[in-house]
Amino acid sequence: MIRILLADDEHLIRGAVAALLNLEPDLQVVAEVGRGDEVAAAVAEHAPDVAVLDIDMPGADGLTVAERLDAANAPCAICILTSFGRPGYLRRAMAAGVRGFVAKDAPTEELAAAIRKVHTGGRYLDAELAASAMAAGDNPLTAREREILRLIGAGTETSRIAALLHLSEGTVRNYLSSAMAKLGESNRLAAIRAAREMGWI
């Protein structure tokens, strides 16, 4: 029996997915959570074989949760469930040790197949998501540029970013200008939007 943890903030969807997976003879949903910041405790308590994480959750998004579980050497395999086909998400997920990446509108049989595959150490990647990631190429932004775009996107002032990152305000502006140039955008809001659409921040 493959033990599964489901993390999705949409209660109806989570319940429906759990009910359908529990109909499979070799799958059992042992825990359900609605927030990303509840996953680590649920993994510790229920010891699932596979954690199925929605990418967009309050508390912490699925990719951040995957990165934290990977850093903590959590014993469960991770499968990301997403309605966002952003190419950067797939690359970031792979870097965090995620072995399954399934579109949220996929049939339950496909999700079940993905769970079985990642449980045995294999990979399962939605073909369309993989193709769009390949076509998009590598993320041109440096780690520092991504960090600054994320902070600005969260409404953090330049002076506060400089203090947080131990940089001068001029250096923060230089990183921002560089990121805008790489993304081909003339202002910070457009650059943040473009980076988010690609899944790069």
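**Exercise 1.** In this predicted model, find the residues that alanine 7 is in contact with, leaving aside its neighbours within four places in sequence.

*Solution.* Set aside the residues within four places of alanine 7 in sequence. Then look for heavy atoms within 4.5 Å. The contacts of alanine 7 are Val33, Val39, Val52, Leu53, Asp54 and Met57.

**Exercise 2.** Describe the largest nonpolar core: which residues touch the most other members, and which elements give two or more residues?

*Solution.* Begin with the members. The core has 27 residues, and those touching the most other members are Leu5, Ala7, Val39, Leu53, Ile80 and Phe101. Next, take the elements. Two or more residues come from each of the strands β1 (2-7), β2 (27-33), β3 (50-54) and β4 (77-82), and from each of the helices α2 (39-46), α3 (62-71) and α4 (87-95). The top contributor is α3, which gives four residues. Finally, look outside this core. A second core, separate from it, has 20 residues, including Ile4, Leu81, Ala112 and Ile115.

**Exercise 3.** Determine how many disulfides the structure holds, and explain why cysteine 79 is not bonded to cysteine 76.

*Solution.* Recall that a disulfide is a covalent bond between the sulfur atoms of two cysteines. Start from cysteine 76: the nearest cysteine sulfur belongs to cysteine 79 and is 11 Å away. The cut-off for a disulfide is 2.5 Å. The sulfur of cysteine 79 is therefore too far from that of cysteine 76 for a bond. Cysteine 76 is in no disulfide, and the structure holds zero disulfides.

**Exercise 4.** Decide whether cysteine 76 and cysteine 79 are buried or exposed.

*Solution.* Buried means under 20% relative accessible area. Cysteine 76 has 8%, so it is buried. Cysteine 79 has 0%, so it is buried.

Methods: Residues numbered from 1 in each chain as written. Predicted model: local features only at pLDDT ≥ 70, side-chain atom pairs only at ≥ 80, totals over all residues. Heavy atoms only, no water. Core = buried A, V, L, I, M, F, W, Y, C linked by side-chain atoms within 4.5 Å. Buried < 20%, exposed > 50% of the residue type's maximum accessible area, 1.4 Å probe, protein only.
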